[in-house]
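Could you walk me through this structure in the viewer, one selection at a time? I am new to this, so please tell me what to click and what is there.

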2 protein chains.
Amino acid sequence: MNTDAPSLPARRRRKAERPAELLAAALEVFAERGYSAARLDDIARRAGVSKGTVFLYYANKQALFRAVIETAVLPHLAAGEALLAQDEGDPEALMRALFAGYWRVLGDPQLSGIPKLVMAEAGNFPEVAAYYHEQVVMRGRALFAEIHRRGVARGVFREGDPALLCQLALSPLLFVCVWRSSLGGCDAGAIEPDRFVEAHVDMFMRGLMPAASARSSS
Amino acid sequence: MNTDAPSLPARRRRKAERPAELLAAALEVFAERGYSAARLDDIARRAGVSKGTVFLYYANKQALFRAVIETAVLPHLAAGEALLAQDEGDPEALMRALFAGYWRVLGDPQLSGIPKLVMAEAGNFPEVAAYYHEQVVMRGRALFAEIHRRGVARGVFREGDPALLCQLALSPLLFVCVWRSSLGGCDAGAIEPDRFVEAHVDMFMRGLMPAASARSSS
DNA sequence: TTTAATAATGACTCGTTGGTCAGTTGACTT
DNA sequence: AAGTCAACTGACCAACGAGTCATTATTAAA
């Protein structure tokens, strides 16, 4: 099992690198097992330290959990906001870029455990859920809503409740990302995430256009 | 807190009703807390029995978990299959009926904890995940694929990989159902599930029609 | 080389919880 | 009313895992 024997276990003092390593290890284990079933000992081992060390950097298990959630997503969101602020181009292209951006994050196997984790544990950590909702969900929606607004103004998107449309736009991405880190193992190869997302974006963009064609809703 | 004092705790022997009551209680607690964090004692209490009684009906916690998953969904799926077998009507109407059926199940707050539970715990219970995939996912897809096939045959649906289209069709429903039992609390009122599903179905059906309009994908 | 400061360890404690079982009590038979 | 069966109970046990802390090892400064 453990074939670390040859490489000397070389205990090292690396105050600077530990937090990030612990966070990465914790994200893996939390995503695999869920909060309760994740053992601090496993997280520590995967980060290459002993359990006691974890408590040197995080007050307790819950604090570690919070830190994982907070640090994994926020930078990406901020990047998206920055990009949107400076780009004033074609709303349709911008919308596709937004999808690509979301998917760059959600599609990353490293990060795709986060949504599943948040959903699964929201009931046990109302404060974390509230924080995530405010800092991730709301901001993510705002990004979408802004692009949609510009598109409607130019007449290239049809109108509609932005929150609803955003949910409509993102739920397949979120779902495939949750799927991959849960039933993905059983379902291997059935659906290629990239192809799936591409198909969804095409379909969504078509549905977002003003009803120019003959068919009207019943 | 506990104001059960007045009503006599009346211990009763009810062999027949216990399993269903335990299953219902277990579903609630598992869905709220996740597998590991759910205490057998809570489940028992919520079912109105003592912890020991649980073990009279289920060998252990894992067996109870399996039973919850298995009994909650299968009957509905079977009903859907039966309905499809006898109805030979218009594929478009049938497809809308399928959505309505899925949503009748997924939209039920009682049952909506199941998908979240399965996703969250798939990593900890590979056998349960495999079972669910085979007995629920595959059969659910088959239902969709059959209707899609009929629609393509009559030329009212455009062609495409049925598995992919099915995922596209269902992921918003699944997502909103998972959402409701996780971040739904924070997000109360932001999106009405029924309206959301309605919007999705309309949009999806429009996307499923053959490309009769001028716009083609670049 | 010696010393001081502190990063890291791992054996320990202690609360929690899955699972057991000897005893209790409700319901049915005679 | 007495007897019998088994559904039900709850005190108990053992395992497990979060969190502690006295000790050890590493690094940089003196």
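A residue is near a molecule or strand if its C-beta atom, placed from the backbone, lies within 6 Å of it. Keep that in mind for the DNA stops, and remember throughout that this is a predicted model.

**Stop 1: DNA strand C.** Select DNA strand C and the 23 residues around it. A:Val49, A:Gly52, B:Leu40, B:Asn60 and B:Lys61 come nearest to this strand. Now colour the helices: α3 (51-57) of chain A, α2 (40-46) of chain B and α3 (51-57) of chain B each supply at least two residues of the surface near DNA strand C. Of these, α3(A) gives the largest share, four residues. Colouring by class shows 14 charged, five polar and four nonpolar residues on this surface.

**Stop 2: DNA strand D.** Which residues come nearest to DNA strand D? Select the 23 residues around this strand, and you will find A:Leu40, A:Asn60, A:Lys61, B:Val49 and B:Gly52 nearest. Here α2 (40-46) and α3 of chain A, together with α3 of chain B, each supply at least two residues. The largest share of the surface near DNA strand D comes from α3(B), with four residues. By class, this surface has 14 charged, five polar and four nonpolar residues.

**Stop 3: chain A alone.** Hide everything but chain A. You should see nine helices and zero strands. The C-alpha trace of chain A spans about 70 × 35 × 35 Å along its principal axes.

**Stop 4: both chains.** Bring chain B back. How is chain B superposed on chain A? A rotation of 180 degrees does it, with 0.0 Å of shift along the axis and an RMSD of 0.1 Å. That is the relation of a two-fold axis.

Next, select the place where the chains touch: 42 residues of chain B are in contact with 41 residues of chain A. On the chain B side, α1 (18-33), α6 (113-121), α7, α8 (162-180) and α9 (193-208) each supply at least two residues. Highlight α8(B), which gives the most to this side, with ten residues. The chain B side as a whole has 23 nonpolar, twelve polar and seven charged residues. Why can we say that the copies meet through the same surface? Because 98% of the interface residues of chain B are also interface residues in chain A.

**Stop 5: α7 and α8 of chain B.** Zoom in on this pair, whose axes come within 9 Å and cross at roughly 110 degrees. The two helices are therefore roughly perpendicular to each other. To see the contact, show B:Arg141, B:Phe144, B:Ala145 and B:His148 of α7(B) with B:Pro162, B:Ala163, B:Leu165, B:Cys166 and B:Ala169 of α8(B). Seven residues of this contact are nonpolar, one is polar and one is charged.

**Stop 6: α4 and α7 of chain B.** Keep α7 (residues 126-153) and add α4 (residues 61-86) of chain B. The axes of α4(B) and α7(B) come within 11 Å and cross at roughly 15 degrees. That makes α4(B) roughly parallel to α7(B), and their crossing is left-handed. Show the side chains too: from α4(B), the contact includes B:Ile69, B:Val73 and B:Leu77, while B:Tyr132, B:Val136 and B:Leu143 are among those from α7(B). Counting both helices, the contact has nine nonpolar, three polar and four charged residues.

Conventions
Residues are numbered from 1 along each chain as its sequence is written. Chains are lettered from A and ligands numbered from 1 in the order in which they are written. This is a predicted model: local features need pLDDT of at least 70, side-chain atom pairs count only at pLDDT 80 or more; totals for chains, interfaces and linings use all residues. Axes are lines fitted to C-alpha atoms, for helices over the stretch in contact, and angles run from 0 to 180 degrees between N-to-C directions. Angles under 35 degrees count as roughly parallel, over 145 as roughly antiparallel, 65 to 115 as roughly perpendicular and the rest as oblique. A crossing is left-handed if the near helix is turned anticlockwise from the far one by less than a right angle, and right-handed if clockwise. Two residues are in contact if their C-beta atoms, placed from the backbone, lie within 7 Å. Ala, Val, Leu, Ile, Met, Phe, Trp, Tyr, Cys and Pro count as nonpolar, Asp, Glu, Lys and Arg as charged, and the others, Gly among them, as polar. Copies are superposed by least squares on the C-alpha atoms of residues with pLDDT of at least 70 in both.
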